[in-house]
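Work through the exercises below with the sequence and the model side by side. Try each task before reading its solution.

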Amino acid sequence: MVRISKVYTKGGDKGETSLAGGGRIAKDHPRVEAYGTVDELNSILGLVRYFNMQNPQTVQRDKFEKILETLQNWLFDLGSQLATDPGFSKKKKKIAINESYLTWLEAVIDLMNEELEPLPSFTLPGGGIVGAHLHQARTVCRRAERRIITLSREHDLGEWPVPFINRLSDALFVFSRWTCRWMDEKELLWVPETEAPDDWQWK
């Protein structure tokens, strides 16, 4: 268990930060960009969990809460892996994303997708408050993926971080559709070349 006894250390006042396994790098280093964006994604999932639990108690709500809790912990696992440079690391064993994370996530996606109708068009971000935040999480997840790929060009991150974050963005899209269905909310669809309405004025 991680214990945090002091919040501020003043060690970052000159624009550098400490890595998880030792060593210091600039706060705008691609490694910090990668795990910082994963942290941003995790924060949005915290909002999703909050709004999800404001709904009336159902099996779907409670099962979804367990899924989200698991994913938030796994994002911390991913952040820990990204924040550890093997060249500096003094740890004998570090947390690492592995194939089992993807296998479970794919099973969740497949089960949810079985309950959904095929899409007649692309979806627009929105819907209810849970679905809208899931769309926001999806876009941040894609940005995290880009940051991780950038980092992977210069540093060995192992086999699974990129596939995991890619699969997670797929999952967040399915989650947004699935929550719209069981919350009985309207799913917004893209209408190509939408004409501007004539009755847009309110005066």
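The exercises go from the overall layout to the core, the aromatic rings, the surface and the charged pairs.

This is a predicted model, in which local features need pLDDT of at least 70 and side-chain atom pairs count only at pLDDT 80 or more, while totals for chains, interfaces and linings use all residues. Residues are numbered from 1 along each chain as its sequence is written, and side-chain values use heavy atoms, with hydrogens and water left out.

**Exercise 1. Layout**

Task: State how many helices and strands the chain has, and the pattern they follow along the sequence.

Solution.
Step 1. Helices (H or I, at least four residues) and strands (E, at least two) are taken as DSSP runs, numbered from the N terminus.
Step 2. On that basis the chain has 5 helices and 2 strands.
Step 3. Their pattern along the sequence is β-β-α-α-α-α-α.
Step 4. Contact means heavy atoms within 4.5 Å. Of the contacts between residues at least 6 apart in sequence, 74% join residues at least 24 apart.

**Exercise 2. Core**

Task: Find which residues have the most contacts inside the largest nonpolar core, and which helix gives the most to this core.

Solution.
Step 1. Buried means under 20% relative accessible area, exposed over 50%, and partly exposed in between (1.4 Å probe, protein chains only). The chain has 203 residues, and 38% of them count as buried.
Step 2. A nonpolar core is a set of buried Ala, Val, Leu, Ile, Met, Phe, Trp, Tyr and Cys residues joined through side-chain atoms within 4.5 Å. The largest one has 44 residues, and Phe 64, Phe 164, Leu 168 and Phe 175 have the most contacts inside it.
Step 3. At least two residues of this core come from each of helix H1 (30-52), helix H2 (59-82), helix H3 (99-114), helix H4 (129-152) and H5. The helix that gives the most is H5, with 9 residues.
Step 4. Leaving aside residues up to four places away in sequence, Phe 164 touches Trp 74, Leu 75, Leu 78, Ile 97, Tyr 101, Leu 102 and Leu 105.

**Exercise 3. Aromatic rings**

Task: Count the aromatic pairs and describe the one formed by Trp 200 and Trp 202.

Solution.
Step 1. Rings of Phe, Tyr and Trp (its six-membered ring) pair if their centres lie within 6.5 Å; planes under 30 degrees apart count as stacked, over 60 as edge-to-face and the rest as tilted.
Step 2. The structure holds 10 such pairs. In one of them, Trp 200 and Trp 202 lie 6.4 Å apart, centre to centre, with 70° between the planes, and the pair is edge-to-face.
Step 3. Trp 200 and Trp 202 are both exposed.
Step 4. Elsewhere, ring pairs join Phe 64, Phe 175, Trp 178 and Trp 182 into a cluster.

**Exercise 4. Surface**

Task: Name the residues of the nonpolar surface patch that includes Leu 188.

Solution.
Step 1. Accessible areas come from the Shrake-Rupley method with a 1.4 Å probe; for residues, only the protein chains shown count as cover. The chain's accessible surface is about 12,900 Å², and 53% of this belongs to carbon and sulfur atoms.
Step 2. Patches are made of residues with over 30% relative accessible area and no salt bridge: like charges are joined within 9 Å, nonpolar side chains (Val, Leu, Ile, Met, Phe, Trp, Tyr) within 5 Å.
Step 3. The patch consists of Phe 122, Leu 124, Leu 188 and Trp 190, with about 400 Å² of accessible area together.
Step 4. Leu 188 sits in the segment after helix H5 (161-182). Leu 188 is partly exposed, at a relative accessible area of 33%.

**Exercise 5. Salt bridges**

Task: Give the number of salt bridges and place the one between Arg 143 and Glu 40 in the chain.

Solution.
Step 1. A salt bridge is a side-chain nitrogen of Lys or Arg within 4 Å of a carboxyl oxygen of Asp or Glu. The count is 8.
Step 2. Arg 143 and Glu 40 meet in one at 3.0 Å, N to O. This pair links distant parts of the chain, with Arg 143 in helix H4 and Glu 40 in helix H1, 103 residues apart.
Step 3. Arg 142 pairs with Asp 170, with closest N and O atoms 3.3 Å apart. Here Arg 142 is in helix H4 and Asp 170 in helix H5, 28 residues apart. A network of salt bridges links Arg 142, Glu 145 and Asp 170.
Step 4. Asp 62 pairs with Arg 61 at 2.9 Å between the closest N and O atoms. Asp 62 is partly exposed at 25% relative accessible area, whereas Arg 61 counts as buried at 11%.
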